[in-house]
Amino acid sequence: MKNKRTRLQLIVELIKKNCIGSQDELARLLAARGHVVTQATLSRDLKILKTTKVATDMGNYMYIIPDGNNLQDNILMQSQSTAPVSHSIGFVSLNFSGNCAIIKTRNGYASGLAYDIDMSHTPEILGTISGADTIFAMLREDVTRQQARQIFARFIPIEIEEGEGE
């Protein structure tokens, strides 16, 4: 487990400090630092870290890790965590229209957050559609905005007003 934790920390460091566009490139950087991994292992590691590929200004792609500091604190330093990863650095706003919730994020963060919401299998959320910086979440018709805020608070840093949890 120590080797995996060390490897995950190194992946976070490499992604934060370099513009890495492929698993092959990341595998070479890891190997140069003494961590030889298979493509399957690297793929699993990238999934654990909730990495996302985003377009760069030059038309290439690069990996990003939503809220990398929180990942190091909450995932890499603990043995196992079942709580969803916080995407607070990428979160911008939450608004409602009817039974739809619109979550705005920084560019590149929406798909990872939408994935976490979908994988929570919350019955009040029928599904999500994400773009680069926007998530459209369809709520069941009987879900109140207060209930929706409580659900989304598991994924994004929003304040729940007193009385909303009752």
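**Exercise 1. Establish what covers the buried residues of helix H5, and identify those residues.**

Solution. The buried residues of H5 are covered by elements that include strand S1 (52–55), S4, S5, S6 and H6, where contact means heavy atoms within 4.5 Å, and where helices (H or I, at least four residues) and strands (E, at least two) are DSSP runs numbered from the N terminus. The model is a predicted one, in which local features need pLDDT of at least 70 and side-chain atom pairs count only at pLDDT 80 or more, while totals for chains, interfaces and linings use all residues. Residues are numbered from 1 along each chain as its sequence is written, and side-chain values use heavy atoms, with hydrogens and water left out.

Next, the residues themselves: Ala 110, Gly 112, Leu 113, Ala 114, Asp 116 and Ile 117 are the buried residues of H5, buried being under 20% relative accessible area, exposed over 50% and partly exposed in between, with a 1.4 Å probe and protein chains only. After H5 comes His 121, which has a positive phi near 50 degrees.

**Exercise 2. Determine the strand order of the open sheet and describe its pairings.**

Solution. The four strands of the open sheet follow the order S3-S4-S6-S5 with antiparallel pairing, and two strands pair if DSSP finds at least two bridges between them. S3 and S5 are the edge strands, each pairing on one side only. On average, neighbouring strands of this sheet are turned by 20 degrees against each other, direction ignored, with axes as lines fitted to C-alpha atoms (for helices over the stretch in contact) and angles running from 0 to 180 degrees between N-to-C directions.

Taking the pairs in turn, strand S3 (residues 91–97) and strand S4 (residues 100–105) run antiparallel and are joined by six bridges, with Phe 91 opposite Thr 105 in S4. Two residues lie between the strands of this hairpin, in which Gly 98 takes a positive phi near 60 degrees. S4 and S6 also run antiparallel, joined by five bridges, and Ala 101 has Ala 137 in S6 as its bridge partner. H5 packs on the sheet through S4, S5 and S6, its direction making about 165 degrees with that of S5. H6 likewise packs on the sheet, touching S3, S4, S5 and S6, and its direction makes about 155 degrees with that of S3.

**Exercise 3. Decide whether Thr 128 is buried or exposed, and list its surroundings.**

Solution. Thr 128 belongs to strand S5 (residues 125–130), and its relative accessible area of 17% makes it buried. Its side chain and that of Asp 118 are joined by a polar contact of 2.7 Å; such a contact is a pair of N or O atoms within 3.5 Å, of which, within protein, one must be able to donate a hydrogen and the other to accept it, residues adjacent in sequence counting only if both atoms are side-chain atoms. Leaving aside neighbours within four places in sequence, Thr 128 is in contact with residues including Ala 114, Ile 117 and Phe 136.

**Exercise 4. Classify the packing of helices H2 and H3.**

Solution. The axes of helix H2 (residues 23–32) and helix H3 (residues 39–48) come within 11 Å and cross at roughly 100 degrees. The two helices are therefore roughly perpendicular to each other, given that angles under 35 degrees count as roughly parallel, over 145 as roughly antiparallel, 65 to 115 as roughly perpendicular and the rest as oblique. Gln 23, Leu 26, Ala 27 and Leu 30 of H2 make the contact with Gln 39, Leu 42, Ser 43 and Leu 46 of H3.
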